[in-house]
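Biologist: I'm new to this one. Could you show me the structure and then let me quiz you on the terms?

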Amino acid sequence: MSYLENYIRIGINNITVSYIDEGKNGAPAIIFIHGFPFNKSMWNKQVGALKDNYRVIAYDIRGHGNTETGNGDFSIDLFVKDLLALMDNLKIDKTILCGLSMGGYIALNAIENYPQRFNALILSDTHCIADTPEAKDKRMKAIESIRKSGSEKYADESIKNLFAPESFTARKEEVSFIREMIIKTSEQSLCKTLLALAERKETCSKLPEIKVPVLIMVGKEDKITPPAAAQLMHEKIKKSFLSIIDHAGHLSNMENSGEFNEYLKKFVASVY
Ligand code: MLT
């Protein structure tokens, strides 16, 4: 399943951003933000499930998929500026925002700084903490390894933690789709994004200030951002709902899209 790809130039560093914009123009919007180091096509099944009733946008974060890298370092703040520039260009004043993992870090930073632009959040397989010194150290080692051995080795190492064990037999297509996405990401972008992730700030202390409804979803077997981290966010966000997705690890929207989409559709219908 593929969708018509659009490109738009945005002011920050003058990059061209690649995105899909499906469904009815003028209908309430939902924007999907992918995780690291993937791209917008990880949301194909969610776009398909929502496009008959809503305007559905999924875009490639800078340096990922078909969006340009631009100049300078990456940061979560910069990714948020890109998101707002994209919304302005597409004339989207307010939207539901759905982010997976790194996409969730971006969504949480965005609502902290621009709360008036969002109707609701969907936080999937993500958490609100900053990197621990050990996590930062792992990222620096990953950068060294990518520079020395390239992205294929990095893809093979990271894949092991991304999926629930059963997905390696039951979801072979999704596993190789994700591997392709990782390999397609340039080494420069992998390294720049790893640095941005290591430097990101925590958002846990700001969660009680979130006023809009929030759906939190997490794969039961997510090893990277486990259900306990989702539970912690659920406790801190007043109007939040928590759904644990069976038969899924860190990529719950792809490993069990059926269950994921049921919760997603119900939540979106309750907001719009
Ligand atoms: C992701 O899926 O976006 C990454 O696991 C995020 C991270 O490495 O912190």
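Modeller: Here are your questions with my replies.

Modeller: First, this is a predicted model, where local features need pLDDT of at least 70 and side-chain atom pairs count only at pLDDT 80 or more, while totals for chains, interfaces and linings use all residues. Residues are numbered from 1 along each chain as its sequence is written, and side-chain values use heavy atoms, with hydrogens and water left out.

Biologist: Why is H4 called roughly antiparallel to H8?

Modeller: Helix H4 (residues 133–149) and helix H8 (residues 187–199) pack at about 170°, their axes 9 Å apart. Angles over 145 degrees count as roughly antiparallel, so H4 is roughly antiparallel to H8. The angles run from 0 to 180 degrees between N-to-C directions, and helices are DSSP runs of H or I with at least four residues, strands runs of E with at least two.

Biologist: Which residues make the contact of H4 with H8?

Modeller: Among them are Met140, Ile143 and Ile146 of H4 and Leu190, Leu194 and Ala198 of H8; contact means heavy atoms within 4.5 Å. By class, the contact has 10 nonpolar, no polar and five charged residues. Ala, Val, Leu, Ile, Met, Phe, Trp, Tyr, Cys and Pro count as nonpolar, Asp, Glu, Lys and Arg as charged, and the others, Gly among them, as polar.

Biologist: What makes S1 and S8 edge strands?

Modeller: Eight strands form an open, mixed sheet in the order S1-S2-S4-S3-S5-S6-S7-S8. Strand S1 (6–10) and strand S8 (240–245) each have a single partner strand, so one side of each has no neighbour in the sheet. On average, neighbouring strands are turned by 25° against each other, direction ignored.

Biologist: How do you know that S3 and S4 pair?

Modeller: Two strands pair if DSSP finds at least two bridges between them. Strand S3 (residues 29–33) and strand S4 (residues 55–59) have five bridges, in the parallel sense, so they pass that cut-off of at least two. Ile30, for one, has Val56 in S4 as its bridge partner.

Biologist: What makes Asn14 and the bond from Phe36 to Pro37 stand out?

Modeller: Most residues other than glycine have a negative phi, and most peptide bonds are trans. Asn14, in the loop between S1 and S2, has a positive phi of about 55° although it is not a glycine. The peptide bond from Phe36 to Pro37 is cis, with omega near -10°. Pro37 sits in the loop between S3 and helix H1 (44–50).

Definitions and conventions: Parallel < 35°, antiparallel > 145°, perpendicular 65-115°, else oblique.
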